[in-house]
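Student: I have a structure to look at and some terms to sort out. Can we go through them?

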Amino acid sequence: MNASSQTSGPSAAESAPPPVATAADLSAEANASASVETETKKGVPEGLWIKCPGCAEMEFKKRVEQNLMVCPRCQHHMRVSAARRIEQLLDPGSFDRFNADMAPADPLGFIDTKPYLDRIRDTQKKTGENDAMQTGYGFVKGRRVVLACMDFTFFGGSMGSVVGEKITQAIERAMEKNLPLIIVSCSGGARMQESGYSLMQMAKTSAALARFHEAGGLYISVLADPTTGGVTASFAMLGDVIFAEPKALIGFAGPRVIAQTIRQELPDGFQTSEFLLESGFVDRIVHRKDLRSEISRVIDYANK
Amino acid sequence: MARPGYSATYVLDFEQPIIEIEKQIDHLADGAQADRFANEIRALEETRSSLLSKTYASLSPWQTVRVARHPHRPQTSDYIQLMCRDFCELHGDRRFGDDPAIITGFARIGSMKVMLIGHQKGKTVAEKVACHFGCAHPEGYRKALLKMKLAEKFGLPIVTLVDTPGAYPGVGSEQRGQAQAIAENLFEMSRLRTPVVSVVIGEGGSGGALGIAVGDRVGMLEHAWYSVISPEGCAAILWKEANETTNNRAAEALALTARRNLENGLIDDVIPEPPGGAHRDPRGAADRVQAWILDRIRELQRINPETLVRQRYEKFRAMGALSRKIG
């Protein structure tokens, strides 16, 4: 499985019995190679062709972009940045962003082989974003919503204080204005460099969703490749309705951690959207081209 | 035979000097002429206890992790025995099965009736295997939630004891929704209309720990650890290799000790351990944990349920560290 080998990290299980499932083990290794496979990094000349990670065929880039970054041959859903996702989901020009200036602090003075703040600055420079999440108001086929999109290009979409706070404020605004909430998850999990602070974002966002639920709010969770670790184990799995894009990697522990723990090969299609549908943890698998209409449909059924 | 509080069968490297002294004391005290060496023994015991205090007052974060994993460190089952009367165990999640990695049941602590919930690592090899060394499956988290709701229904305070390297990473656990089970616990615990007090008694490994630790008051034993990832996991990812050096650095960087978590406002209290750690004196540790639990519950029982839930929400709502940048 292509996606899994790209997103699984070495794990604690290698060195420390008993095996450890961590919310963070995917995110960091995503940091190490923080790039969306299909989008050209700044500074690299724009290619006219891209190689589909699904079928390995070369395809004309324009054509893939017009097809919402889905391979026209094999229907592989490529990863997209938050900006592109917003463009794809919302009515043109309707995005009214909030909290764009919220940026990470370095509460622990975290240094591994490089200071966390340096890594953040580099990533900010490269992506033009302050952290791994964009939130705002917008319209989906004329229906006003609050939309939160995670950005895998930024630190593997990992959740630190900024992502947690932005999600919480998005929930609060949806509650205040009685708007449907849509969160598109795409993340390696909690961000190690903020340690306990990152972990507590799981409790914070889940608690905010409990309040939203009690207020009768509608929350549609959209799971994109990959959604793992502390993000899956908090807001991503708490949607009133949960959609998943086809063949996305969705799970708690990373596939490599699991393989090392149980010391055998994982079943085919393990931790894919289809696997989750079969085990009863997502409501529908939705092709990217149908997301707007499916979201609209649910909003209408919920009378929101 | 080891003397009370002596820990000769499993030795952490930094305890070696203490163990050497203990051996000398044992040697002198067990001989036929023990009386003749009374003064020497007393002097050695003083040396031992000051060395013990000194060592344990200045443990590095990585040493702390190793103390937290000490095989003789008291587990949930020990605290139940030492702290609770009339424990009435309740099994099963009524959906799939009964996970022995989380023990749940009615218990009396002092004069108080509570619902007790705790990770169990296992004492014997067979129990360790059954408990997956304290790594719970989804059915464990669902069982915990079911019993918490039971407690809420009858107005019992909830006590959770956290001691896990992390939630179990396996095929079955993924198939049965490990992430969903933990997420639901976070969601539901945030709105339980009864006091929840949590103590990290050993390992607080990431989401698997937090899954039963959304408490009105969260305490950590002095030598416990609590973090988003284990030091080895963090080292393996960020330093590309987990070894003694990188584990040390990762443990330091993760701010996983009780003191650091308290400084960062992520827990409410540090509960001191007996000299030389809980594994040297489980009874002493249980007494301290019990006193903390009872104090906190008494304090929380004076608060009405609406305020309680609101304050719990606000506590977690405030966690995070941000800066502003014109983006």
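Student: In which sense do strand E5 and strand E6 of chain A pair, and over how many bridges?

Tutor: This is a predicted model. In it, E5 (residues 133-140) and E6 (residues 143-150) of chain A pair in the antiparallel sense, over eight bridges. Two strands count as paired at two bridges or more, so E5 and E6 qualify. In one of these bridges, Phe139(A) has Arg144(A) of E6(A) as its partner.

Student: What makes E3 and E10 of chain A edge strands?

Tutor: Each pairs on one side only. The open sheet of chain A runs E3-E5-E6-E7-E8-E9-E10, seven strands with mixed pairing.

Student: Which helix packs on the sheet?

Tutor: Helix H6 (residues 161-177) of chain A does, touching E3, E5, E6 and E7. Its direction makes about 25° with that of E5(A).

Student: Now chain B. Why is H10(B) called roughly perpendicular to H11(B)?

Tutor: Helices H10 (residues 231-238) and H11 (residues 244-253) of chain B pack at about 110°, with axes 8 Å apart. Roughly perpendicular covers 65 to 115 degrees. The angle falls in that range, so the name fits.

Student: What makes Glu232(B) the charged residue of that contact?

Tutor: Glu belongs to the charged class. The contact of H10(B) with H11(B) has five nonpolar, two polar and one charged residues.

Student: How do you know that H3(B) is roughly perpendicular to H11(B)?

Tutor: H3 (residues 61-68) of chain B packs on H11(B) at about 95°. That also lies within 65 to 115 degrees, so the term applies. Their axes are 7 Å apart. H3(B) contributes Pro61(B), Trp62(B) and Arg66(B) to the contact.

Conventions
Residues are numbered from 1 along each chain as its sequence is written. Chains are lettered from A and ligands numbered from 1 in the order in which they are written. This is a predicted model: local features need pLDDT of at least 70, side-chain atom pairs count only at pLDDT 80 or more; totals for chains, interfaces and linings use all residues. Side-chain values use heavy atoms; hydrogens and water are left out. Helices (H or I, at least four residues) and strands (E, at least two) are DSSP runs, numbered from the N terminus. Contact means heavy atoms within 4.5 Å. Axes are lines fitted to C-alpha atoms, for helices over the stretch in contact, and angles run from 0 to 180 degrees between N-to-C directions.
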